[in-house]
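Me: Could you take a close look at one part of this model for me? I'd like to follow a single strand and what surrounds it, and then hear about the helix packing elsewhere.

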Amino acid sequence: MIRSFIALLCTLAPLPLAAQALSPAEIAQVDPVVADALKDTGVPSASIAIVRGDRIIFAHAYGKQSETIAKADPAALYQIASISKQFTAAAILLLQDQGKLTLDDHVSGYVPGITGGDTITIRQLLSHTAGLQDYWPQDYSFAAMAIPVTPRQIVDRWARKPLDFAPGTQWQYSNTGYVVAGMIVEKVSGQPLLAFLQSHILHPLGIRAIDQDLAIGAGFPQGYKRYGLGPVRVETPAAHGWLYAAGELAMSAGDLAKWDIARLTRSILPAADWALQETPVKLADGSATGYGLGVDIGISGGRRFVEHSGEAVGFLSENIVYPDDHAAIVVLVNAWFGNAQSRIAAGLSKIVLPAAAADADDTAALAQASSAYAQLQAGTLDRAILTDDAGFYFTSAARTDYAASLAPLGTPAAFLQIGKTRLRGGFVNRNYRLTYPGRTLTITTYAEERAGGRYEQFLVTPAE
């Protein structure tokens, strides 16, 4: 579940945000985003928190949190599942700061009996590059999850198997690696993992968090399931111990947002630790993974993000931080079907983050492309806007065919830029999509870099 949100990220240009509260107009947009996602997916409830300008400016809960909770409570503790991984990684970083271990230590020195333990490093555990087989790849709870388990039992069953690949050569999500990391924290610190997190991170930040295995029963959100498009049913929680360091925390959306603020302000951990967690780990061949130490890192629409999602039995979650905008979005839902959490996060990002500033060059290029297209339709293409090579391409036959085939279409309903590459062959590549009733066209252009530059290429083709 860790990368499903990335495809839904909005295309917005990075601009700093002030810490203003949501305006009435913005709040009026938030409620439908959440309500529509819950209605369309059948997910019973969502709890959200919004950070802007390093402050929580909005927190609210919607829908049915359980069969017994009468009104949705934003303070309710949802199971955040794999979002917990960044907390486990933070514990390792703190222990490294204390001189008790290093990220490049081999795991065999802390947890014996692991396949490849003499070559697997702690860094590889945290970055999913260790090669340990994942003990829970399924999006359902398998039979053994009805029985309580210990970290050692998970390790003995899954981490003694042959490695899926040589450590450091591939990226593959592995909950098993984080179980081993949690065991290392406990051995080195002399404390249970959650106790270490409470004393060093959670309590100092004012975060109320508990073991997700205990966030069950009256007063807690209840997980829900659905088979296909059938009725929404109450889910049976997994037995104790299955998420451990891979996803053991339960907290409110607002409390998770406090952790996001710490990330934005570089507090609670040394700044160098935050930077290290957010640095994508590279494989042995130098290729990028897009994953740091417990977090996804990337750029979408020119905007940097640090993100992770989570899946527990009956729960899904999404947490995304925009470092350059000093903003963050938290969405927690109590069902593990549908994509409500991703839809809500994408919708809230569009509301909270500033609209993209128009690129002046792109705006001018769009007008120029529209004019050139109209000339093609009319058979009056101005050769002054073409390079010598483009002039060679646009023979009399080419101009005649373009005019004969495009003129009957008339004015397009939409003429939008859909891509840009700078530079290729000394030219700027911009592509456009033209929409007509029942037909879509693509224009692929290469033009001189200067404003109003001549076209090296202007091709019109049916859209794929």
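Reply: Here is a walk that begins with strand 1 and moves outward from there. Keep in mind that this is a predicted model.

Strand 1 covers residues 45-52, and eight of its eight residues are buried, so the strand is largely enclosed by the rest of the structure. You can see this on both of its faces: Ser 45, Ser 47, Ala 49 and Val 51 point to one side, Ala 46, Ile 48, Ile 50 and Arg 52 to the other, and all of them are buried. Arg 52 is one of those buried residues, in case you were wondering about the charged one.

Now for its partners. Strand 2 (residues 55-63) runs antiparallel to strand 1, and eight bridges join the two. They form a hairpin with two residues between the strands, and Gly 53 in that turn has a positive phi of about 65°. Strand 11 (residues 327-333) is also antiparallel to strand 1, this time with seven bridges. Ala 46 is a handy residue to click on here: its bridge partner in strand 2 is Tyr 62, while in strand 11 it is Val 333.

Carry on past strand 2 and you come to Gln 65, in the loop between strand 2 and strand 3. Loop or not, Gln 65 is buried, with a relative accessible area of 1%. Setting aside neighbours within four places in sequence, Gln 65 has contacts that include Ser 45, Lys 71, Ala 72, Asp 73 and Ala 76, along with Tyr 78, Phe 220, Pro 221, Gln 222, Tyr 224 and Asn 334. Ser 45 brings us back to strand 1, where it is one of the buried residues.

Tyr 78 leads on to another sheet, since strand 3 is residues 78-79. That sheet is open, has three strands in the order 3-7-4, and is paired antiparallel. Its edges are strand 3 and strand 4 (210-211), each of which pairs on one side only. Strand 4 and strand 7 (residues 249-251) are joined by two bridges, and Ile 210 stands opposite Ala 250 of strand 7.

On to the helices. Helix 1 (residues 24-41) packs against helix 10 (residues 340-352) at an angle of about 165°, with the axes 9 Å apart. That makes the two roughly antiparallel, and the crossing is right-handed. From helix 1 the contact takes in Glu 26, Gln 29, Val 30, Val 33, Val 34, Asp 36, Ala 37, Leu 38, Asp 40 and Thr 41; helix 10 brings Ala 340, Arg 343, Ile 344, Gly 347, Leu 348 and Ile 351. Sorted by class, that contact has nine nonpolar, three polar and four charged residues.

Helix 11 (residues 360-378) and helix 13 (residues 396-406) give you another pair to look at, with an angle of about 95° and axes 6 Å apart. These two are therefore roughly perpendicular to each other. Tyr 373, Leu 376 and Gln 377 of helix 11 meet Tyr 402, Ala 403 and Leu 406 of helix 13. The contact divides into five nonpolar residues, one polar and no charged.

To tie the two ends of the walk together, try Gln 65 and Ser 396: they are 331 residues apart in sequence, and their C-alpha atoms are 69 Å apart in space.

Note on methods: Residues are numbered from 1 along each chain as its sequence is written. This is a predicted model: local features need pLDDT of at least 70, side-chain atom pairs count only at pLDDT 80 or more; totals for chains, interfaces and linings use all residues. Side-chain values use heavy atoms; hydrogens and water are left out. Axes are lines fitted to C-alpha atoms, for helices over the stretch in contact, and angles run from 0 to 180 degrees between N-to-C directions. Helices (H or I, at least four residues) and strands (E, at least two) are DSSP runs, numbered from the N terminus. Angles under 35 degrees count as roughly parallel, over 145 as roughly antiparallel, 65 to 115 as roughly perpendicular and the rest as oblique. A crossing is left-handed if the near helix is turned anticlockwise from the far one by less than a right angle, and right-handed if clockwise. Contact means heavy atoms within 4.5 Å. Ala, Val, Leu, Ile, Met, Phe, Trp, Tyr, Cys and Pro count as nonpolar, Asp, Glu, Lys and Arg as charged, and the others, Gly among them, as polar. Two strands pair if DSSP finds at least two bridges between them. Buried means under 20% relative accessible area, exposed over 50%, partly exposed in between (1.4 Å probe, protein chains only).
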